[in-house]
Amino acid sequence: MTSWPSDAPSSLWRQLSAESFDAEPLTREIACDVAVVGGGISGLATAIELARRGKSVALLEAARIGAGASGRANGQVIPALTRHGPNAIRALWPGESGERFLRMVAGGADVLFGLVERYGIDCDARRTGWLQPAHTPGRAKRVAALASQWAAVGAPTSALSAAEMRQHTGAEGYQGGWRHAGGGHINPYAFTLGLARGASDEGVAVFEHSPALSLRRDTFGWRVQTPSGTVRAAHVVLATAAHTGTLWPELRRSIVPVTSYQAATEPLGAAAEAILPFDEALSDTRMDLRYLRKDRDGRIVSGGALTIQAGAERRLPQLVQSRLQAMFPALPSGPMPHVWGGRIAMTVDRLPRLHRRPDGLSAWIGCNGRGLALCCAMAAVMADAVEGRPDAELALPPSAPRAVPLHPLAVRSARLILPWYRLKDRREI
Ligand SMILES: Cc1cc2nc3c(=O)[nH]c(=O)nc-3n(C[C@H](O)[C@H](O)[C@H](O)COP(=O)(O)OP(=O)(O)OC[C@H]3O[C@@H](n4cnc5c(N)ncnc54)[C@H](O)[C@@H]3O)c2cc1C
């Protein structure tokens with residue numbers, strides 16, 4: 001079943017956004033080199049890259065720009081992978097192929113902040129660093145090793161002791177961790193809208209309320225059908241992430257979409273000063289992740305997942321509030337007036353995938369919750385793929401989409417894994 005996101009009216013980011021963007025639906029037949037489907041960061045950054053390489057590009061968004069995960073994220077800019085460190089990547093892809101992939105991932109924040117600068121995007125971008133505090137001594141050792149592996153790739157990373165982590169976070173209980181000075185945070189909705197403006201300025205024809213309903217090939221290439229128009233293009237790029245429908249059924253079956261929620265406090269005034277005093281972003285080492293950052297007005301924006309989704313607007317703030325108070329005992333408990341959710345595309349091994357068919361259909365998928373920087377870095381890889389660069393030279397080795405085993409069951413039961421994650425987090429040493 002295909003479902004497009006609505007506009008997340010309760011998202012704090014939407015309310016704070018200084019950027020705006022509106023586009024008309026497609027109501028005629030147009031022809032271009034590349035049709036990009038999906039108006040999140042991935043589709044927009046790819047469209048911009050292709051346009052700058054001289055291609056004519058049309059971008060179709062089913063709902064509004066930023067309605068998907070891109071407008072709903074926590075906004076942490078993290079130029080590292082969810083699970084794999086450099087050594088694990090080298091074991092998977094030895095030689096230049098792994099090194100190229102690592103350089104691409106490590107460069108993601110440079111690309112993102114570069115786009116902010118190039119298009120003057122007003123998204124409260126703060127390149128203040130990203131922290132991964134370790135919740136156990138064992139994890140502290142593992143992430144200290146990660147920090148030195150990423151440093152060897154050229155990333156500005158360092159391990160932090162427990163005392164240093166306390167200084168950086170203001171939180172109790174962490175055993176150490178690592179810091180990536182290249183990371184930071186943004187208002188992801190404003191960033192996405194700013195990218196849409198940048199794409200239009202580069203000549204991309206952007207259409208909202210224009211779902212791609214079908215893809216068909218004829219002798220002239222692809223015909224992408226929307227409710228009231230058609231795009232004819234030599235290449236199609238799907239950038240539909242967790243909202244991927246039946247346009248490419250194998251792609252949809254290659255990921256599990258997982259819902260994650262966000263909640264934000266009121267501005268905390270002086271009480272915010274002791275929390276993340278250097279204004280970094282934080283995601284810890286738990287499998288049931290704790291993560292937070294502050295916004296420009298001193299609100300804490302955090303989130304989590306729920307096993308049972310009914311009543312999420314009431315229960316999620318309670319969960320977030322109790323976790324924040326465990327981390328920051330002096331934090332006054334107060335209302336969390338902003339609650340919203342979004343969908344993340346997860347792969348079984350937590351690695352992104354690039355797919356390219358000889359008939360001109362391409363996609364990458366599987367941000368695994370860390371897509372803001374990666375979507376920006378992958379734009380050049382997608383453009384390389386469209387331009388026909390050989391597989392061996394692409395920064396993410398392409399593969400054919402592989403269905404997640406027992407996909408319908410995996411989708412329905414994804415949330416049931418949370419209690420297991422929590423148990424593992426508690427038992428870990
Ligand atoms: C709650 C939450 C918190 C997150 N926090 C972070 C974070 O702090 N840091 C981080 O790095 N990552 C984070 N992520 C992940 C990050 O948001 C995503 O990786 C990233 O935004 C994915 O961008 P995208 O463009 O690939 O997909 P999306 O932004 O989801 O865009 C896909 C778009 O495709 C459109 N679409 C789908 N089907 C069609 C169709 N047939 N025709 C036309 N359009 C279609 C959808 O409407 C949607 O707008 C978070 C995600 C969520 C949900």
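The legends below describe close-up views of a predicted model, covering the ligand, its surroundings and the helices beside it.

Residues are numbered from 1 along each chain as its sequence is written, and side-chain values use heavy atoms, with hydrogens and water left out. Because the model is predicted, local features need pLDDT of at least 70 and side-chain atom pairs count only at pLDDT 80 or more, whereas totals for chains, interfaces and linings use all residues.

**View 1. The residues around the ligand.** The ligand is surrounded by 37 residues, where a residue counts if one of its heavy atoms lies within 4 Å of the ligand. The closest of these residues are E61, S70, Q76, A212 and C367. By type, the shell holds 17 nonpolar, 16 polar and four charged residues, with Ala, Val, Leu, Ile, Met, Phe, Trp, Tyr, Cys and Pro taken as nonpolar, Asp, Glu, Lys and Arg as charged, and the others, Gly among them, as polar.

**View 2. Backbone atoms beside the ligand.** An oxygen atom of the ligand lies 3.0 Å from a backbone N or O atom of A69, and for L372 a backbone N or O atom lies 2.9 Å from an oxygen atom of the ligand. At Q76, a polar backbone atom is 2.8 Å from a nitrogen atom of the ligand. Of the 1000 Å² of accessible area that the ligand has on its own, the protein covers 97%, as calculated by the Shrake-Rupley method with a 1.4 Å probe.

**View 3. Elements that contribute to the shell.** Two or more residues of the shell come from each of α2 (41-52), β12 (256-264), β16 (338-346) and α11 (372-386), where helices (H or I, at least four residues) and strands (E, at least two) are DSSP runs numbered from the N terminus. The most is given by β16, with three residues.

**View 4. Helix α2 and its crossings.** The axes of α2 and helix α8 (residues 188-201) come within 9 Å and cross at roughly 25°, on a scale from 0 to 180 degrees between N-to-C directions. Therefore α2 is roughly parallel to α8, a word kept for angles under 35 degrees. With α11, the axis of α2 comes within 8 Å and crosses at roughly 45°, so α2 is oblique to α11.

Conventions
Polar contact = N/O pair within 3.5 Å; in protein donor to acceptor, adjacent residues only side chain to side chain. Parallel < 35°, antiparallel > 145°, perpendicular 65-115°, else oblique.
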